Amino acid sequence: MLVKKYQEVPEEKVGAEGAQGAWIRWLVSDKEKAPCFAMRQFRIEKGGSTPFHSHEWEHEMYVLEGEGAAVSQEGEKPLSRGVFMYIAPGEKHQFVNRGEGDLHFLCMIPLPGRCPSEQETPAKAKPGHSC
C-alpha cells in the first residue's frame with residue numbers, strides 16, 4: 001500500500017504548447033506499479049490554463065480548491081470545490097483558472113494498454129485483471 005502526502009511528490013510545469021501557469025504532480029502512475037490508472041494533481045495559477053486539446057482516453061476529475069471553468073466545444077461549465085467531471089475520449093477540453101487563487105484538481109486517466117477495451121464487459125475480462 002502506498003500512503004503519502006501530495007507535497008512529497010515533485011510538482012512539474014506542464015510543458016504542453018498552450019499551457020500557461022499549469023503544474024502537475026503524478027501522485028500514482030506506472031512508477032508505483034499501478035496496474036490500470038494514474039492519479040494526477042493539477043494546479044493552475046491565477047489567470048492560467050491548460051491548452052485546448054483532446055486525447056484518445058477518458059478523464060475523471062474532481063476539484064479540490066479554487067474557481068475556474070471547464071471549456072469544451074459546447075461552451076464553458078463553472079468549476080469550484082467539490083465539482084466532479086467526466087471527459088470522454090476524443091472530447092476537446094481546457095481548464096481555465098477564473099478565480100483569485102490557485103485552482104487545484106485531481107485527474108485520473110487510464111494507463112495506455114492496461115485496461116480492458118470498451119467492448120469487454122467485466123465477465124469477458126481476463127481472469128485476474130484488476131481494473
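These exercises work through strand pairing and aromatic contacts in a predicted model.

Residues are numbered from 1 along each chain as its sequence is written. Local features need pLDDT of at least 70, side-chain atom pairs count only at pLDDT 80 or more, totals for chains, interfaces and linings use all residues, and side-chain values use heavy atoms, with hydrogens and water left out.

**Exercise 1. Place strand 5 among its partners.**

Task: Find which strands pair with strand 5, and in what sense.

Solution:
1. Helices (H or I, at least four residues) and strands (E, at least two) are DSSP runs, numbered from the N terminus. Two strands pair if DSSP finds at least two bridges between them.
2. Take strand 6 (residues 75-80). Strand 5 pairs with strand 6 in the antiparallel sense, over six bridges. E67 stands opposite S80 of strand 6. Two residues separate strands 5 and 6, which form a hairpin.
3. Take strand 8 (residues 94-97). Strand 5 and strand 8 are also antiparallel, with four bridges. Here V71 faces Q94 as its opposite number.
4. Check burial. Buried means under 20% relative accessible area, exposed over 50%, partly exposed in between (1.4 Å probe, protein chains only). Five of the six residues of strand 5 (residues 67-72) are buried, so strand 5 is largely enclosed by the rest of the structure.

**Exercise 2. Describe G75.**

Task: State where G75 lies and how accessible G75 is.

Solution:
1. G75 belongs to strand 6.
2. Its relative accessibility is 27%, so G75 counts as partly exposed.
3. G75 and H93 are 18 residues apart along the chain, and their C-alpha atoms are separated by 9.7 Å.

**Exercise 3. Trace the aromatic cluster.**

Task: Find how many aromatic pairs there are, and which residues form the cluster.

Solution:
1. Apply the rule. Rings of Phe, Tyr and Trp (its six-membered ring) pair if their centres lie within 6.5 Å; planes under 30 degrees apart count as stacked, over 60 as edge-to-face and the rest as tilted. The count is two aromatic pairs.
2. F42 and F105 are stacked, at 5.2 Å centre to centre with 15° between the planes. F42 lies in strand 3 (residues 37-49) and F105 in strand 9 (residues 103-110), so this pair ties together parts 63 residues apart in sequence.
3. F95 and F105 have ring centres 5.1 Å apart and planes at 50°, so this pair is tilted. F95 lies in strand 8 and F105 in strand 9, so the parts tied together are 10 residues apart in sequence.
4. Check burial. F42 is buried at 10%, F105 at 1% and F95 at 4% relative accessible area.
5. Conclude: F42, F95 and F105 form one aromatic cluster.
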